[in-house]
Amino acid sequence: MKYLVRAVVLGIIGYAVGVGLTMAIRGGGPTDEVAVVMGYILALVGWLAGIGGIEAFGRQWAGKSVEVSTDRGWRRYFEFSVDHKVIGIQYGVTLIAVLLIGGISAMIMRIELASPGVGIVDLDDFNKIVSMHGILMVAVAVAGIIGAFGNYIIPIQIGAQDMAFPRLNAIGFWLVPPVAIALLMSPLLGAFNAGWTSYAPLSVTNESGQILFNMAIVTFGMSSILGGINIITTVITMRAPGMTWGRLPIFTWAGLATSVLSFAVTQFFAAAVILVTMDRVAGTNFFQPEVGSSLLYEHIFWFYSHPAVYIMVLPGFGVILEVVTTFARKPLFAYKAVVVSLFAIVGLSVVVWAHHMFTSGMANFLHGPFMIITEAISIPTGVIFLGILGTLWQGKLWFRTPLVIAFGWLFNFTIGGITGIFLADVATDIHLHDTYFVVAHFHYTIVGGSIFALLAAVFYWFPKITGRMYNEKAGSIFGIWVTVFFNLTFIPLFWAGMNGMNRRIGDYPEVFEGANKFASVSALILGTSFLLFVGNLLYSAIWGPKVGPNPWNARTLEWMIPSPPPEHNFTSQPVVIGNPYAYGVKGSVHAYFPDDDNPRDIGEGGTSDEQGVLV
Amino acid sequence: MRRSWIPVVILWIAYTVLIVWATAQFTWFPKEWAREAAVVDEAMLLLQYLAAPVMALVLAVMTWSVIGWRTEGGAHREDAAPVRTNKIVVTTWLVVTSALAMYVLINPGFVGLAEIRGEPSSDYVISLQGQQFFWEVTYPNGATAVDELVIPAEARVRYDVISTDVLHSFWIPAFRIKIDALPGITTTAYATAEGEGSFEDDVNLRIQCAELCGAGHANMSLPVRVVSDAEWNEYIEVLADSEPDGEAGNE
């Protein structure tokens with residue numbers, strides 16, 4: 001805990017030094033944007049040093065030995081821990097907290113939108129809340145699954161004891177709290193009202209909260225890139241003997257594909273906001289009309305932000321595919337085609353960005369090519385669906401909460417994907433762009449595709465992580481409740497968009513009141529379902545029935561170790577000798593532990609029978 | 001081996017029919033007030049019909065999963081058949097989805113794009129200047145207005161759009177046309193209005209700013225009135241005459 005205190009103290013000192021130096025050199029006040037930028041940078045350095053950077057890196061740079069914490073209690077979750085499992089939980093809890101804060105902002109928005117006219121917030125404040133909601137939720141969608149479960153599960157699934165770069169992994173996580181702090185403190189400087197998309201010139205001329213938004217984006221981007229490097233290196237170099245590429249679990253494949261993307265394109269969002277910051281404080285003119293171009297911002301921004309949605313959804317594909325094979329007790333259908341499709345999506349996703357710009361005033365000749373490739377990306381996405389449907393086909397289905405939520409996912413993402421075609425088509429997009437049709441579409445794909453998968457992952461791996469089972473009835477009820485009310489919230493919004501209601505407005509023509517009221521009531525009921533979600537998990541983590549290594553009778557490596565896993569995951573080297581999804585093949589084994597006396601009695605947390613199943 | 005494909009195909013057909021029927025019943029588009037609107041609505045409808053079997057397939061598999069493939073036994077239930085892949089299924093799937101994607105790309109993709117753009121010629125040119133938070137209209141004779149946009153029916157009008165500050169967007173929902181207003185660069189949209197009417201008849205006969213531009217974004221709209229060609233010419237003449245120096249607007 002003392003490290004957290006030290007991090008805060010050094011952060012504050014860093015901020016003060018940055019602001020003070022700036023004021024001393026150029027004059028001006030402490031809330032000048034230049035001062036805020038310098039203060040933020042030094043605050044970040046102070047924070048990272050304080051939380052453990054000094055021990056983990058500073059000592060090494062000074063020629064001394066590295067010191068990292070070996071605490072095993074609850075305190076390590078508030079410290080610079082290099083254990084990937086601790087980091088995974090840190091990401092998970094932090095991002096679920098961010099999800100709930102973003103959810104509260106959504107509730108405020110929906111209460112305001114339940115009636116036309118100005119209600120509980122004025123129009124400008126409404127835009128600020130919309131912008132905050134957007135960026136908080138984008139952060140959860142981008143990092144939720146890959147940060148929490150990518151870190152926790154991937155090393156175990158490939159038979160490794162940790163990630164390739166454990167200290168970097170910890171830095172990656174500890175970059176995230178400053179992001180939340182910067183965003184949530186931005187109202188002190190006037191907040192930011194240009195949407196999470198922050199188009200220039202509005203983002204160059206609006207209030208100073210925009211600066212903190214820009215700093216937060218760069219910080220979060222660094223975390224994404226470091227995480228990407230770590231996962232790529234780990235999966236390539238640290239697979240257990242016998243873990244050939246053809247035996248890699250699909251969740252790990254999805255994590256690898258995601259990491260290639262996040263490593264390659266995240267810097268463009270950072271670049272865009274850095275240029276905005278420079279236009280604000282350094283007198284540059286990147287986005288000013290006479291010498292620069294507002295279109296330039298859009299191109300740079302969307303060059304990241306379109307692949308970003310695949311960064312959001314690819315881990316989701318991985319989770320759903322993993323859940324479906326386990327709960328159907330069937331091999332993953334068309335495994336090779338699915339893996340190829342994951343990477344086809346990675347490749348295509350970087351050349352479709354301007355489908356967000358069909359009405360932007362960009363050159364007409366760009367419409368055709370971007371429409372073509374956007375259409376094309378639906379083909380590998382369809383193959384992912386084939387993998388899911390083909391695995392379900394004639395499977396032995398066991399409807400536990402992860403599968404219930406996976407079904408909600410399937411319904412939602414199909415609608416999300418189909419409505420994407422309406423937007424890929426230039427003629428229809430011209431009308432639908434910037435309307436509630438788009439809002440409904442991306443909620444179906446991002447919430448329906450990424451967040452629902454996050455929920456499924458939470459229930460699927462909860463017993464592994466906590467060693468206890470959640471309450472199944474509460475879980476299934478939650479799964480159905482969240483699916484039903486999610487749909488009731490967003491279906492009316494397709495209608496509203498088509499019929500002339502545009503985005504990011506706190507007030508609308510009266511004709512849209514009915515649809516909005518219905519959506520608002522549904523949204524509030526949807527929101528309350530998360531009380532059941534959190535309640536179930538908290539209660540079960542403390543008082544739930546204990547489980548053994550493999551309550552689902554699954555086959556991937558994480559189910560062959562105790563629940564919760566021991567410190568370095570494996571007590572002896574796993575050797576992979578078969579496919580992880582060879583259900584139905586008598587005597588097939590995915591991996592074993594040749595150095596153990598009794599390879600399947602893995603102790604701590606419960607004993608197992610022949611198949612490693614809880615008895 | 002259980003013949004699962006029979007019930008699934010039956011469900012597939014049933015769901016497809018249901019969705020197609022619902023699509024035909026429920027006309028959920030606003031009234032078409034321009035030639036362009038018809039292009040867009042037709043494209044929307046075609047895509048909805050094409051989407052029906054796709055949605056229906058997923059629904060059919062989901063439905064039969066719950067009815068036909070649920071298994072007792074929990075964690076100790078038996079394994080399913082070890083089907084890793086099926087070359088015919090995968091190939092067929094790829095061929096069908098690619099064909100569907102290609103078809104949609106051509107129609108309503110490129111066909112719709114060509115139709116909504118139309119010819120780069122126009123009967124009249126009207127300029128729109130967007131600024132935080134109102135629109136200023138300039139007619140071909142130099143007359144300006146900020147209280148409404150008046151358009152001649154049955155004439156192809158080119159809208160030249162520009163912004164004086166941040167990004168805005170020129171959108172007339174009733175026409176289904178939209179083009180962003182950029183500072184320093186003039187952008188263009190074409191529309192041929194059909195039928196006479198005004199904002200009082202249909203709330204979608206308005207310019208609505210469709211790009212977040214600040215606090216007043218929600219209310220940055222302008223009513224639209226479509227009148228006959230003769231009436232329009234008279235209107236803009238009267239407007240020009242009533243301006244003191246024929247330059248700035250009346251506000």
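## Burial and an unusual backbone angle

A residue counts as buried if 20 or more other C-beta atoms lie within 10 Å of its own. In this predicted model, Arg504(A) has 21 other C-beta atoms within 10 Å, so Arg504(A) is buried. Arg504(A) sits in the loop between helix H17 (472–498) and helix H18 (513–543) of chain A. Its phi is positive, about 60°, although Arg504(A) is not a glycine.

Chain B has a residue with a positive phi too. Glu154(B) is not a glycine, yet its phi is about 60°. The loop between strand S4 (149–152) and strand S5 (156–163) of chain B holds Glu154(B). Is Glu154(B) buried or exposed? Neither label fits: a residue is partly exposed when its count falls between the buried cut-off of 20 or more and the exposed cut-off of 12 or fewer. Glu154(B) has 14 other C-beta atoms within 10 Å, so Glu154(B) is partly exposed.

## Cis peptide bonds in chain B

Most residues other than glycine have a negative phi, and most peptide bonds are trans. Two cis bonds in chain B deserve a look. Asn107(B) and Pro108(B) are joined by a cis peptide bond, with omega about 10°. Pro108(B) belongs to helix H3 (residues 87–117) of chain B.

The bond from Gln132(B) to Phe133(B) is also cis, and its omega is near 5°. Here the setting is a loop: Phe133(B) lies between strand S1 (124–131) and strand S2 (134–138) of chain B.

## Chain A: overall form

Chain A contains 18 helices and two strands. Its radius of gyration is 24 Å, close to the 25 Å from the globule rule for 615 residues, so chain A is as compact as a globular protein of that length. Along its principal axes, the C-alpha trace spans about 75 × 60 × 45 Å.

How much of chain A is made up of buried residues? The share is 62% of the 615 residues. Contacts in chain A also reach across the sequence. Of those with a separation of 6 or more, 79% are between residues 24 or more positions apart.

## Chain A: domains

The domain assignment splits chain A into domain 1 (2–61) and domain 2 (81–543). Their centres, taken over C-alpha atoms, are 30 Å apart. Domain 1 of chain A gives 13 residues to the contact, and domain 2 of chain A gives 14 residues. On the domain 1 side, ten residues are nonpolar, two are polar and one is charged.

## Chain B: domains

Chain B is assigned domain 1 (5–68 + 88–117) and domain 2 (124–241). Between their centres, again over C-alpha atoms, the separation is 34 Å. Eight residues from domain 1 of chain B and 15 residues from domain 2 of chain B form the contact. The domain 1 side has five nonpolar, no polar and three charged residues.

The cis bonds can be placed on this map. Helix H3 (residues 87–117), which holds Pro108(B), overlaps the 88–117 segment of domain 1. Strand S1 (124–131) and strand S2 (134–138), which flank the loop of Phe133(B), fall in domain 2 (124–241).

## Where the chains meet

How many residues does each chain bring to the contact between chain A and chain B? Chain A brings 79 residues, and chain B brings 75 residues. On the chain A side, 44 residues are nonpolar, 25 are polar and ten are charged.

Technical notes
Residues are numbered from 1 along each chain as its sequence is written. Chains are lettered from A and ligands numbered from 1 in the order in which they are written. This is a predicted model: local features need pLDDT of at least 70, side-chain atom pairs count only at pLDDT 80 or more; totals for chains, interfaces and linings use all residues. Two residues are in contact if their C-beta atoms, placed from the backbone, lie within 7 Å. Ala, Val, Leu, Ile, Met, Phe, Trp, Tyr, Cys and Pro count as nonpolar, Asp, Glu, Lys and Arg as charged, and the others, Gly among them, as polar. Domain bounds come from an automatic or database domain assignment. Helices (H or I, at least four residues) and strands (E, at least two) are DSSP runs, numbered from the N terminus. The radius of gyration is taken over C-alpha atoms; the globule rule is 2.2 Å times the number of residues to the power 0.38.
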